[in-house]
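I opened the model to look up a few side chains and one pair of helices. My notes follow in the order I took them.

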Amino acid sequence: MSSFKEIHIRNAADSDRDAIAELLLEAYGQYAAELPEPFWADYRHSILDSVDGTAPYARIIAEMDNRIVGSVLLFLSSETAYGRPELGIHSPIIRLLAVSPGARGRGIAALLIREAARISKELGAATLNLHTSDMMASAIRLYDRLGFQRAYDTDIMNGNTLVKGYCLDLETFTVLQA
């Protein structure tokens with residue numbers, strides 16, 4: 001695994017799941033005020049199901065001072081990530097990238113994505129995919145900076161919200177790039 005300064009990236013153990021769930025709810029809680037209550041309740045339930053479920057191929061975490069401050073889940077297809085085989089994504093997908101609000105601005109999200117890209121390359125994948133919406137503007141800026149391209153053919157409508165697909169070409173992506 002990799003480390004950068006005092007930030008350590010590793011695969012999560014089963015014993016880390018409660019801390020990951022707590023981190024995800026803390027990080028994604030900022031959207032609770034922006035979403036209608038029923039939608040937030042469903043989203044919260046989906047977050048917790050993803051952490052506890054068996055579908056993720058990997059749960060990657062970032063630790064700082066022996067505390068989990070970031071995480072991302074890696075799935076192997078759109079079927080395992082979303083229960084949506086019709087999207088036709090048969091390469092890794094990251095979901096629920098989260099960094100504790102108190103630890104943001106230190107490059108933790110980029111380190112987590114790089115680790116997911118490294119694992120995906122080891123699996124022989126040509127691409128790494130993700131989905132996000134416009135309300136996550138800072139995440140979109142990060143994805144653009146890292147080289148993700150819009151994958152319009154994988155867009156999803158969730159109610160009235162467009163959930164945009166993005167794809168990273170792993171053949172041209174350098175895992176250790178600045």
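Entry 1. I started with a serine side chain and found a polar atom of the side chain of Ser77 lying 3.3 Å from the backbone nitrogen of Glu79. I am working from a predicted model, so I treat each distance as a computed one.

Entry 2. Where does Ser77 lie? I placed Ser77 in the loop between strand 4 (67–75) and helix 3 (78–82). I then asked whether Ser77 is buried or exposed. Its relative accessible area is 13%, and because the cut-off for buried is under 20%, I entered Ser77 as buried. Leaving aside neighbours within four places in sequence, I listed Ile89, His90, Ser91 and Ile93 as the residues in contact with Ser77.

Entry 3. I moved on to Glu79, which lies in helix 3. With neighbours within four places in sequence left aside, Glu79 is in contact with Arg84 and Pro85. I also looked up a separation along the chain: Glu79 and Arg145 are 66 residues apart, and their C-alpha atoms are separated by 27 Å.

Entry 4. Next I took another serine, Ser50, and found its place in helix 2. Ser50 has 9% relative accessibility and therefore counts as buried, the cut-off being under 20%. Which side chain makes a polar contact with the side chain of Ser50? I found the side chain of Arg95, at 3.0 Å. Arg95 is also one of the residues in contact with Ser50 once neighbours within four places in sequence are left aside; the others on that list are Pro56, Arg59, Leu73 and Leu96.

Entry 5. Ser50 sits in helix 2, so I looked at how that helix packs. Two packed helices are described by the angle between their axes and the distance between the axes. For helix 1 (residues 17–28) and helix 2 (residues 37–52), the axes come within 9 Å and cross at roughly 155°. Angles over 145 degrees count as roughly antiparallel, and I therefore noted helix 1 and helix 2 as roughly antiparallel to each other. I recorded the crossing of helix 1 past helix 2 as right-handed.

Entry 6. Which residues in helix 1 meet helix 2? From helix 1 I listed Arg17, Ile20, Ala21, Leu24, Leu25 and Tyr28. From helix 2 I listed Trp40, Tyr43, Arg44, Ile47, Leu48, Val51 and Asp52. I sorted the residues of this contact by type and got 10 nonpolar, no polar and 3 charged.

Conventions
Residues numbered from 1 in each chain as written. Predicted model: local features only at pLDDT ≥ 70, side-chain atom pairs only at ≥ 80, totals over all residues. Heavy atoms only, no water. Axes fitted to C-alpha atoms, helices over the stretch in contact; angles between N-to-C directions. Helix = DSSP H or I, 4+ residues; strand = E, 2+ residues; numbered from the N terminus. Parallel < 35°, antiparallel > 145°, perpendicular 65-115°, else oblique. Left-handed = near helix turned anticlockwise from the far one by under 90°. Contact = heavy atoms within 4.5 Å. Nonpolar A, V, L, I, M, F, W, Y, C, P; charged D, E, K, R; others polar. Buried < 20%, exposed > 50% of the residue type's maximum accessible area, 1.4 Å probe, protein only. Polar contact = N/O pair within 3.5 Å; in protein donor to acceptor, adjacent residues only side chain to side chain.
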